[in-house]
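Biologist: Could you take me through one part of this model up close? I would like the details residue by residue, if you have them.

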Amino acid sequence: KNYDLLTGTSMAAPHVAGLAGLILAKNSSNFAMTNGEVMGQIRFTAEDINSSTYSGDDNFIGDGRINAYLALTTSGSPRIIFDRSIIDDGKTISSANDGDGIIEPGEKIKLTVYLKNEWINATSVTGTLTTTNSNITISDSSASFGSISGGQTGNNSSDQFVFDVQTGAPTRERIDWTLNVTAQYNSGASVYTTGLHFSLYIGKFILLVDDDNDILRIFCGWL
């Protein structure tokens, strides 16, 4: 009999696939369990065995070493993170807007936020937006995101946040936002809450990439 020691993703894949099968078998009565929920059950019960060097998700072992016992016995919850945002400064919102997609002094902005749920299905997802920036006045701080399944992304495009930028606001200023999110799960029996943070800028912040002579250079600046 010949044995060998092998490493890499090809060796890890059978273990992960086997654990996914165990999770589905244990939850066989729940035929609505999504791929995203199974993935989250594996990821967020894994052991971060190299946390002393690289804490959290890293390029060496990802989320960590799978733990079959925890994956089969842990009750999951939604895990909602900020994905991206889109601003709307269209002229139909306010006559002061120029519709160039840039936050500028004197404009009224409608803001759509995209949230990603990395674990258990979430329903009745809502968000409340705040900022401490004195140049920003929020006129509609609450939004509904509906339901966001595990592994999926949701947004508030039908219920946008609205804020005004003071006329004398300086350009090149960062706006720090806090989005407090509340959701239900387990058929409404449990409540999930989290606070998310992201930033936007007054003025146009650009990223320039130069790859001449096979050397990658990245420059940040303002217009």
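Which residues make the nonpolar surface patch of about 400 Å²? And once that is settled, how many bridges does strand β2 share with strand β1?

Modeller: Happy to, with the reminder that this is a predicted model. The patch is made by I49, Y54, F60 and I61, and its area is about 400 Å². Take I49 as a way in: this residue sits in the loop between α2 (35-43) and α3 (68-73). Its relative accessibility is 48%, so I49 counts as partly exposed, because that class lies between the cut-offs of 20% and 50%. A patch residue needs over 30% relative accessible area, and I49 has 48%.

Now to your strand. β2 covers residues 108-117, and seven of its 10 residues are buried, so by the cut-off of under 20% it is mostly covered. Eight bridges link β2 to strand β1 (residues 80-88), and the two pair in the antiparallel sense. One contact to look for is I87, whose bridge partner in β2 is L111.

β2 also pairs with strand β7 (residues 161-165), again antiparallel, over four bridges. There, K108 has D164 of β7 as its bridge partner. Strand β6 (residues 153-155) is joined to β2 by three bridges, and these strands run antiparallel. Here the residue to find is L115, with G154 as its bridge partner in β6. As you follow the strand, keep in mind that side chains in a regular strand alternate between the two faces of the sheet.

Technical notes
Residues are numbered from 1 along each chain as its sequence is written. This is a predicted model: local features need pLDDT of at least 70, side-chain atom pairs count only at pLDDT 80 or more; totals for chains, interfaces and linings use all residues. Side-chain values use heavy atoms; hydrogens and water are left out. Buried means under 20% relative accessible area, exposed over 50%, partly exposed in between (1.4 Å probe, protein chains only). Two strands pair if DSSP finds at least two bridges between them. Patches are made of residues with over 30% relative accessible area and no salt bridge: like charges are joined within 9 Å, nonpolar side chains (Val, Leu, Ile, Met, Phe, Trp, Tyr) within 5 Å. Accessible areas come from the Shrake-Rupley method with a 1.4 Å probe; for residues, only the protein chains shown count as cover. A salt bridge is a side-chain nitrogen of Lys or Arg within 4 Å of a carboxyl oxygen of Asp or Glu.
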